[in-house]
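Reader: I would like to go through this structure step by step. Please keep the answers short and show how each one is reached.

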Amino acid sequence: MQALSDDQQIERLESRMDRLEKKVEDGFVGTRRELRSEILAARSDGRSDFRPLIGVQLAMFLTMILGFAGIVAGIFLQHL
């Protein structure tokens, strides 16, 4: 086995580092995509859970307004 010169050893190390860097970057890209899809799914679930709550609050608000209007109308009609 022939001993490698310093330049050859440096080139081998550089090529190994380049391959390792490429693997790490590919891993980060995959992780980033997965994280983004999970965040979008969580947002979608949150919105779908929030819509019925808005509907219930709107119905309660309208019921309170109509109830208050009925009380005011009743009082007004009693004084006629």
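Reader: Which residues gather in a patch of positive charge on the surface?

Author: This is a predicted model, and the answer describes that model. Lys and Arg count as positive. One member of the patch, Arg12, is found in helix α1 and counts as partly exposed at 45% relative accessibility. The residues that gather in the positive patch are Arg12, Arg16, Arg19 and Lys23.

Reader: Which residues form the negative surface patch?

Author: Asp and Glu count as negative. Asp7 is part of this patch; Asp7 is found in helix α1, which covers residues 6-78. The negative patch is formed by Asp6, Asp7, Glu11, Glu14, Asp18, Glu21 and Glu25.

Reader: Is Asp7 buried or exposed?

Author: A residue counts as buried under 20% relative accessible area and as exposed over 50%. The relative accessible area of Asp7 is 55%, so Asp7 is exposed.  The class asked for is therefore exposed.

Reader: How far apart are the mean positions of the positive and negative charges of the protein?

Author: The protein has 11 positive and 12 negative charges. A mean position is taken for the positive charges and another for the negative charges. The two mean positions are apart by 7 Å.

Reader: Which side chains meet in a salt bridge?

Author: A salt bridge needs a side-chain nitrogen of Lys or Arg within 4 Å of a carboxyl oxygen of Asp or Glu. The count for this model comes to 1 salt bridge, with an N to O distance of 3.4 Å. Its two residues both lie in helix α1, 4 residues apart, about one turn of the helix. The side chains are those of Asp26 and Lys22.

Reader: What is the secondary structure of the protein, and what is its radius of gyration?

Author: The secondary structure comes to 1 helix and 0 strands. For 80 residues the globule rule gives 12 Å, and the radius of gyration is well over that, so the protein is more spread out than a compact globule. The C-alpha atoms fill a box of roughly 115 × 15 × 10 Å along the principal axes. The radius of gyration is 34 Å.

Reader: How far apart in space are Val29 and Ser15?

Author: Val29 lies in helix α1 and counts as partly exposed at 31% relative accessibility. In sequence, Val29 and Ser15 are 14 residues apart. In space, C-alpha to C-alpha, the distance is 21 Å.

Reader: Which residues form the nonpolar patch on the surface?

Author: The patch has about 510 Å² of accessible area together. Leu62 belongs to the patch, lies in helix α1 and is partly exposed, with a relative accessible area of 44%. The residues of the patch are Leu58, Phe61, Leu62, Met64 and Ile65.

Reader: What percentage of the residues of the protein count as buried?

Author: To count as buried, a residue must have under 20% relative accessible area. The protein exposes about 7,800 Å², of which carbon and sulfur atoms supply 63%. Of the 80 residues, the share that counts as buried is 0%.

Definitions and conventions. Residues numbered from 1 in each chain as written. Predicted model: local features only at pLDDT ≥ 70, side-chain atom pairs only at ≥ 80, totals over all residues. Heavy atoms only, no water. Rg over C-alpha atoms; globule rule 2.2 N^0.38 Å. Buried < 20%, exposed > 50% of the residue type's maximum accessible area, 1.4 Å probe, protein only. Areas by Shrake-Rupley, 256 points an atom, 1.4 Å probe, with all protein chains shown as cover. Charge placed at Lys NZ, Arg CZ, Asp CG, Glu CD. Patch = residues over 30% accessible without salt bridge, like charges linked within 9 Å, V, L, I, M, F, W, Y side chains within 5 Å.
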